[in-house]
Amino acid sequence: MSTGLFQRIGYVKASQLADGPITPGQNRKKALEAGNLWVGQCHVTALDAPS
């Protein structure tokens with residue numbers, strides 16, 4: 001794959017993460033984004049609430 005999102009392999013450091021979509025009870029951080037798709041991490045803070 002040599003075009004689009006997969007031009008090269010790399011990594012994103014924790015200090016480079018950006019704030020992600022806001023959802024109550026979830027703290028999201030984006031590493032990569034392409035249109036409506038994103039890859040990152042999500043920490044659930046409302047452990048007693050359904051999601």
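Which residue in strand 3 is the bridge partner of L32? Hold that question while I set the scene.

This is a predicted model. The protein has 51 residues, and buried residues make up 8% of them. There are zero helices and three strands. Along the sequence, the pattern reads β-β-β.

Now the sheet. The three strands form an open sheet. Their order is 1-2-3, and the pairing is antiparallel. Strand 1 covers residues 18-19, and strand 3 covers 37-44. Both stand at the edges, each with a single partner strand, so one side of each is left without a neighbour in the sheet. As a reminder, strands of a sheet pair through backbone hydrogen bonds, either parallel or antiparallel.

Let's take the pairs one by one. Strand 2 spans residues 26-34, and two bridges join strand 1 to strand 2. Here A18 stands opposite K30. The hairpin of these strands has six residues between them. In that hairpin, G25 takes a positive phi near 85°.

Next pair. Eight bridges join strand 2 to strand 3, and these strands run antiparallel too. Their hairpin has two residues between the strands. G35 takes a positive phi there, near 65°. Further along, N27 in this pairing stands opposite H43 in strand 3.

Back to my opening question. The bridge partner of L32 in strand 3 is V39. These two residues turn up again on the surface. V12, L32 and V39 make a nonpolar surface patch of about 250 Å². Is V39 buried or exposed? V39 is exposed, because its relative accessible area is 52%, and the cut-off for exposed is over 50%.

A word on the whole surface. The protein exposes about 4700 Å². Carbon and sulfur atoms supply 55% of that area.

Now the charges. Side chains of opposite charge can pair when their charged atoms come close. How many salt bridges does the count come to? The count comes to two.

Take K29 and D19. They form a salt bridge, with the closest N and O atoms 2.8 Å apart. K29 lies in strand 2 and D19 in strand 1, so the pair ties together parts that are ten residues apart in sequence. How covered are the two partners? K29 is partly exposed, at a relative accessible area of 32%. D19 is exposed, at 59%.

The other pair is E33 and K30. Their side chains meet in a salt bridge at 3.0 Å, N to O. K30 has a relative accessible area of 18%. Buried means under 20%, so K30 counts as buried. This is the K30 that has A18 opposite it.

Staying in strand 2, look at Q26. Q26 counts as buried, with 15% relative accessibility. A polar contact of 2.5 Å joins the side chains of Q26 and R28.

One more residue: G20. Where is G20 found? G20 is found in the loop between strand 1 and strand 2. At 16% relative accessibility, G20 is buried. What is G20 in contact with, leaving aside neighbours within four places in sequence? The contacts are R28, K29 and K30. K29 and K30 are the lysines of our salt bridges. There is also a distance to note between G20 and G40. They sit 20 residues apart along the chain, and their C-alpha atoms are separated by 8.2 Å.

Finally, contacts across the whole chain. Take the contacts with a separation of 6 or more. Residues 24 or more positions apart account for 7% of them.

To recap. Three strands, order 1-2-3, antiparallel pairing, open sheet. Two bridges join strand 1 to strand 2, and eight join strand 2 to strand 3. L32 and V39 are bridge partners, and with V12 they make the nonpolar patch. The salt bridges are K29 with D19, and E33 with K30. Thank you.

Methods. Residues numbered from 1 in each chain as written. Predicted model: local features only at pLDDT ≥ 70, side-chain atom pairs only at ≥ 80, totals over all residues. Heavy atoms only, no water. Pairing = 2+ DSSP bridges. Helix = DSSP H or I, 4+ residues; strand = E, 2+ residues; numbered from the N terminus. Patch = residues over 30% accessible without salt bridge, like charges linked within 9 Å, V, L, I, M, F, W, Y side chains within 5 Å. Areas by Shrake-Rupley, 256 points an atom, 1.4 Å probe, with all protein chains shown as cover. Salt bridge = Lys/Arg side-chain N within 4 Å of Asp/Glu carboxyl O. Buried < 20%, exposed > 50% of the residue type's maximum accessible area, 1.4 Å probe, protein only. Contact = heavy atoms within 4.5 Å. Polar contact = N/O pair within 3.5 Å; in protein donor to acceptor, adjacent residues only side chain to side chain.
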